[in-house]
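Take a look at the chain below before reading on. The walk-through starts with a single backbone feature and widens from there.

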Amino acid sequence: MNQYIIKGGKSLAGEVTIGGAKNAALGILAGAIMTDDEVTIENLPDVSDINALLEAIKAIGAKVDRIDAHTVKISGASIHSTVVDYDYIQKIRASYYLLGALLGKYGKASVAMPGGCKIGSRPIDQHIKGFKALGAKVVTENSMINASVNNLRGSHIFLDMVSVGATINIMLAAVMAQGQTIIENVAKEPHIVDVANFLNSMGANIKGAGTDVIRIRGVERLHGSTYSCIPDQIEAGTFMCLATATKGDITLKNVIPKHLEAITAKLVEIGADIIENDDSVRVVCKDRPGSAIVKTRVYPGFPTDMQPQITVVLATADGVSTINENIWEDRFKYVAELRKMGAVITVEGSTAFVEGQPKLSPAVMEAPDLRAGAALTIAALQADGVSILTDIEYIERGYEKFDEKLRSLGAEIMKVDSEDYKAVQKFKLEIV
Ligand code: UD1
């Protein structure tokens, strides 16, 4: 197990290049197995969630060639199984996209039932509703979801709630269904558009991604493609919060500023200066941020995946802020860790009330999940003194070379084995 040791208190400045979007790449990689031709995916983030899905894809027989850290070639021609067992689902929940992809390509798929997770129970009833509407028989037996059909038929589907996962999964299943599928009340996140663009580059006929209604005309077959994933909106947003929290000056390269609008607007509201260019954004913050009201919403609203990071920024704001979490019921677990740093936060149901403090103090903390882990790193980087953050494997699920990128901005942060007390002492001596 690794941990970060962090000496905080510095304003961080410099340039950082943002990687490919993890959540887009997960849908894209699943879609890549739907043709027997070779597919090349570029700008793939080199993070453990992506590597786990590639393992699941290999396990069903697809050929996976990692050309370099950010490029993979996939060939679905050699797939010999349509069964994805619990080991993979447990490592990466998004393995459930193989349900839609395999059902769409072969008319059958068995995928282990995903459990809940640390941010709340995560039902998949809408995914199943979509598959059934396309004519599939879906039976859950011994914790496996078994879906089968002779021929998928296009259908009119109205999702009961906006779900990123269900939108992508149903889209995957429908691209080779006979006739037209209309999916209403779909998610509009940039990663939905990216998965649709990718499938279209393979010959699919998907229209409307990025709006509330997606229309798909089924095609006979999909063909090979070379496709580059969009930049990661959440990695970018995390560095934007870092600049604001440490009163820094950070330029993010390889971003799509439009995807960051909700985050940009909130940071400007609390006092950051944000300069947008075609594919870069500079965030400068000189003063203590002001307080704000934040409500997480589906895109284009403020993303739930940015909720812990903005809460950390507001923990040192001048005034009382309110953060209302509307997507996941259990996403304030990290608040207990933040309190160890002197943050004054009370949580009532899905709302956190944050009484901003001039500074947070260093502490020893545990990363409870991916985004909260990144948020606690930001908190430690703004506090004067040495903090320790354990369980950073969560952070590595979604942030590539996080510590390296932070060091390039001037941060004093080191990744050490949790058992390696000597390294911890040495780091403290060198920097204190
Ligand atoms: C959600 C976020 C996504 C984020 C991810 C991880 C939204 C819309 N989606 O995506 O941006 O990257 O969490 O934090 O903000 N639901 C059901 N039944 C279903 C599917 C979903 O009840 O079949 C509910 C979920 O319990 C949740 C909500 O719908 O409350 C959103 O779920 P969904 O968008 O599917 O989650 P993710 O795809 O994981």
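In which loop does N142 lie? The model is predicted, and in it N142 lies in the loop between β8 and β9. Its phi is positive, about 45°, although N142 is not a glycine. N142 is also exposed, because its relative accessible area is 73% and exposed means over 50%.

K401 has a positive phi too, of about 45°, and is not a glycine either. The place of K401 is in the loop between α13 (393-396) and α14 (402-408). Its relative accessible area is 43%, so K401 counts as partly exposed. A glycine joins the list of positive phi values: G135, with phi near 100°, follows helix α5. One more backbone detail concerns a proline. The peptide bond from Y299 to P300 is cis, with omega near 10°. P300 is found in the loop between β18 (293-295) and α10 (307-314).

Another loop to visit is the one between β19 (320-324) and α11 (335-340), which holds N326. N326 is partly exposed, at 34% relative accessibility. Leaving out residues up to four places away in sequence, N326 touches K295, T296 and R297. For R297, the separation from N326 is 29 residues in sequence, but 6.2 Å in space from C-alpha to C-alpha.

Now step back to the whole chain. The domain assignment gives domain 1 (2-19 + 231-431) and domain 2 (22-228). Domain 1 thus comes in two segments of sequence. Taken over C-alpha atoms, the centres of the two domains are 31 Å apart. Across the boundary, 25 residues of domain 1 are in contact with 22 residues of domain 2.

What about the interior? In soluble globular proteins, nonpolar side chains tend to be buried together. The largest nonpolar core here has 81 residues. Within this core, L29 and I33 touch the most other members. Apart from it lies another core, of 68 residues, which includes L242, A352, A363 and A367.

I33 has many partners beyond its neighbours within four places in sequence. These partners are I57, I60, A62, I74, G76, I79, L98, A101, L102 and K105.

L29 is one of the buried residues of helix α1. Helix α1 (residues 22-32) is mostly covered, with ten of its eleven residues buried. The buried set is K22, A24, A25, L26, G27, I28, L29, A30, G31 and A32. A lysine, K22, is therefore among residues under 20% relative accessible area.

Helix α5 (residues 125-133) also has buried residues: Q126, H127, I128, G130 and F131. What covers them? The cover includes helices α4 (97-106) and α6 (164-174), along with strands β8 (137-141), β9 (144-148) and β10 (156-158). Strands β8 and β9 are already familiar, as the loop between them carries N142.

Helix α12 (residues 370-382) supplies another buried position, T377. At a relative accessible area of 1%, T377 falls under the 20% cut-off, so it is buried. Not counting residues up to four places away in sequence, T377 touches Y4, I6, L389, I395, F402, L406 and I413.

Last comes empty space. How many cavities of 30 Å³ or more are there? The count comes to one. About 80 Å³ of space lies in the largest cavity. Its lining is made of A21, N23, P190, H191, I230, P231, D232, Q233, I234, H259 and R371. The elements giving two or more residues to that lining are α7 (190-201) and α8 (233-245). By class, the lining has five nonpolar, four polar and two charged residues. Both domains take part: the lining draws at least three residues from each of domain 1 and domain 2.

Definitions and conventions. Residues numbered from 1 in each chain as written. Predicted model: local features only at pLDDT ≥ 70, side-chain atom pairs only at ≥ 80, totals over all residues. Heavy atoms only, no water. Helix = DSSP H or I, 4+ residues; strand = E, 2+ residues; numbered from the N terminus. Buried < 20%, exposed > 50% of the residue type's maximum accessible area, 1.4 Å probe, protein only. Contact = heavy atoms within 4.5 Å. Core = buried A, V, L, I, M, F, W, Y, C linked by side-chain atoms within 4.5 Å. 1 Å grid on protein atoms, 1.4 Å probe; cavity = no way out; pocket = protein on both sides within 12 Å on 5 of 7 lines; lining within 4 Å. Points joined across faces, edges and corners; volume = space filled by probe spheres on them. Nonpolar A, V, L, I, M, F, W, Y, C, P; charged D, E, K, R; others polar. Domains from an automatic or database assignment.
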